[in-house]
Amino acid sequence: MHRVLAGPIEFPEFSSVFVICDEKVVVIDGGVPNSTMDAGFLNQVDYLVITHAHVDHLGTLREIVSRYKPKILISEQEYQRMDFEKINSEGREIYKDLMEFFGEAEKVEGEFVIVDEDDEFPLGENTLRVIYSPGHSKGHISVMIGNFLYAGDALGAIFNGRYFPLLLRGSSREQYYSSIRKLLEYNPSMIGLSHGGLLPFSDVERSIKENSPPGDFGLGGTAEEIARKFSSLFVY
Ligand SMILES: [Zn+2]
């Protein structure tokens, strides 16, 4: 398992892309378009998981898909939103001036596979299992591989040890928190957060329960500015 930093140049830790190497190789999400990630170290990618169609998760997809031709696993609802003009304009609406750091995503054409709750994909030693986890976005999916849960944006974000939820204004609070409860019941040993990296289950669970508003992230400079602006987009 590799955690690849895929945030903007000013704050690489902003986004994490997870690469799981079994007989089959899985990549989870694609970071921001102005990404520090170089996908060239990969030899193969069999499956690319899109947890949800937000611009800061789709950045390097075009490169990965054109080079490795993976099957792209996505939910029906998020697939319906894979119109890149819309994704970028929605990005400007949601993320406002953060889009200057993120950049605009480019259209991805490839083999999309629509997935649903409990769908399984054998990888060799492990199996990838799809967990429907809507709330942050309507068709958000998470995946369990072995004892690790890759939760995209469904469980919130942690920068420099400080947690904040990723519940957007106008989204269903009930759906968001019911997905959190559901994901925690899987009792994984480690949790991969797109905005936070790979963390022990107990750290994430404790942060969610405390749910205290973040103050200073202690990052300094532009990274701090990005972290603060991003965290202020979400509600408690
Ligand atoms: Zn998102």
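Which strands does helix 6 lie across, and at about what angle does helix 6 run to strand 14? In this predicted model, helix 6 lies across strand 13 and strand 14, and its direction is at about 90° to that of strand 14. This crossing is a handy landmark to return to once the overall fold has been described.

The protein contains seven helices and 14 strands. Its radius of gyration is 16 Å, close to the 18 Å that the globule rule gives for 236 residues, so the protein is as compact as a globular protein of that length. The C-alpha trace spans about 45 × 35 × 30 Å along its principal axes. Of the 236 residues, 43% are buried. Contacts also reach far along the chain: among those between residues at least 6 apart in sequence, 62% join residues at least 24 apart.

Two open sheets help a newcomer to find the way around. One of them has six strands in the order 1-2-3-4-5-6, with mixed pairing. Strand 1 (2–5) and strand 6 (111–115) stand at the edges of this sheet, and each has a single partner strand, so one side of each is left without a neighbour in the sheet. On average, neighbouring strands here are turned by 25° against each other, direction ignored. At one edge, strand 1 pairs with strand 2 (residues 16–21) in the antiparallel sense over four bridges. Within this part of the sheet, Arg-3 stands opposite Phe-18 of strand 2.

Helix 1 (residues 61–68) belongs to the surroundings of these strands. Its residues Leu-61, Ile-64 and Val-65 are buried. They share the same side of helix 1, because the arc they cover around the axis is only 95°. The general geometry makes this easy to picture: an α-helix has 3.6 residues a turn, so residues three or four places apart point the same way. The partners of the buried residues of helix 1 are strand 3 (25–28), strand 4 (47–49) and strand 5 (71–75), against which they pack. After helix 1 comes Lys-69, with a positive phi near 50°.

Positive phi values deserve a short look of their own. Most residues other than glycine have a negative phi. Asp-29 is a residue other than glycine with a positive value, near 65°. Asp-29 sits in the loop between strand 3 and strand 4. Is Asp-29 buried or exposed? Asp-29 counts as buried, because it has 26 C-beta neighbours inside 10 Å. Asn-160 also has a positive phi, near 50°, and is found in the loop between strand 11 (157–159) and strand 12 (162–164). With 14 C-beta neighbours inside 10 Å, Asn-160 counts as partly exposed.

The other open sheet is formed by six strands in the order 7-8-9-10-13-14, and its pairing is mixed. Its edge strands are strand 7 (120–122) and strand 14 (197–200), each of which pairs on one side only. From one strand to the next, the twist averages 20°. Strand 9 (residues 141–145) has four of its five residues buried, so strand 9 is largely enclosed by the rest of the structure. Strand 8 (residues 127–132) runs antiparallel to strand 9, and five bridges join the two. In this pairing, Ile-131 has Ser-142 of strand 9 as its bridge partner. Strand 9 also pairs with strand 10 (residues 148–150), again in the antiparallel sense, over three bridges. Here Val-143 stands opposite Tyr-150 of strand 10. Two residues lie between the strands in the hairpin of strand 9 and strand 10, where Gly-146 takes a positive phi near 60°.

Further along this sheet, strand 13 (residues 190–193) and strand 14 form an antiparallel pair with four bridges. Leu-193 stands opposite Gly-197 of strand 14. This pair brings the description back to the opening question, since helix 6 lies across strand 13 and strand 14. Asp-203 is part of helix 6 (residues 201–210). Having 15 other C-beta atoms within 10 Å, Asp-203 is partly exposed. A distance from Asp-203 gives a sense of scale: Asp-203 and Arg-62 are 33 Å apart in space, C-alpha to C-alpha, and 141 residues apart in sequence.

How values were computed: Residues are numbered from 1 along each chain as its sequence is written. This is a predicted model: local features need pLDDT of at least 70, side-chain atom pairs count only at pLDDT 80 or more; totals for chains, interfaces and linings use all residues. A residue is buried if 20 or more other C-beta atoms lie within 10 Å of its own, exposed if 12 or fewer, and partly exposed in between; C-beta atoms are placed from the backbone. The arc is that of the directions from the helix axis to the C-beta atoms. Two residues are in contact if their C-beta atoms, placed from the backbone, lie within 7 Å. The radius of gyration is taken over C-alpha atoms; the globule rule is 2.2 Å times the number of residues to the power 0.38. Two strands pair if DSSP finds at least two bridges between them. Axes are lines fitted to C-alpha atoms, for helices over the stretch in contact, and angles run from 0 to 180 degrees between N-to-C directions.
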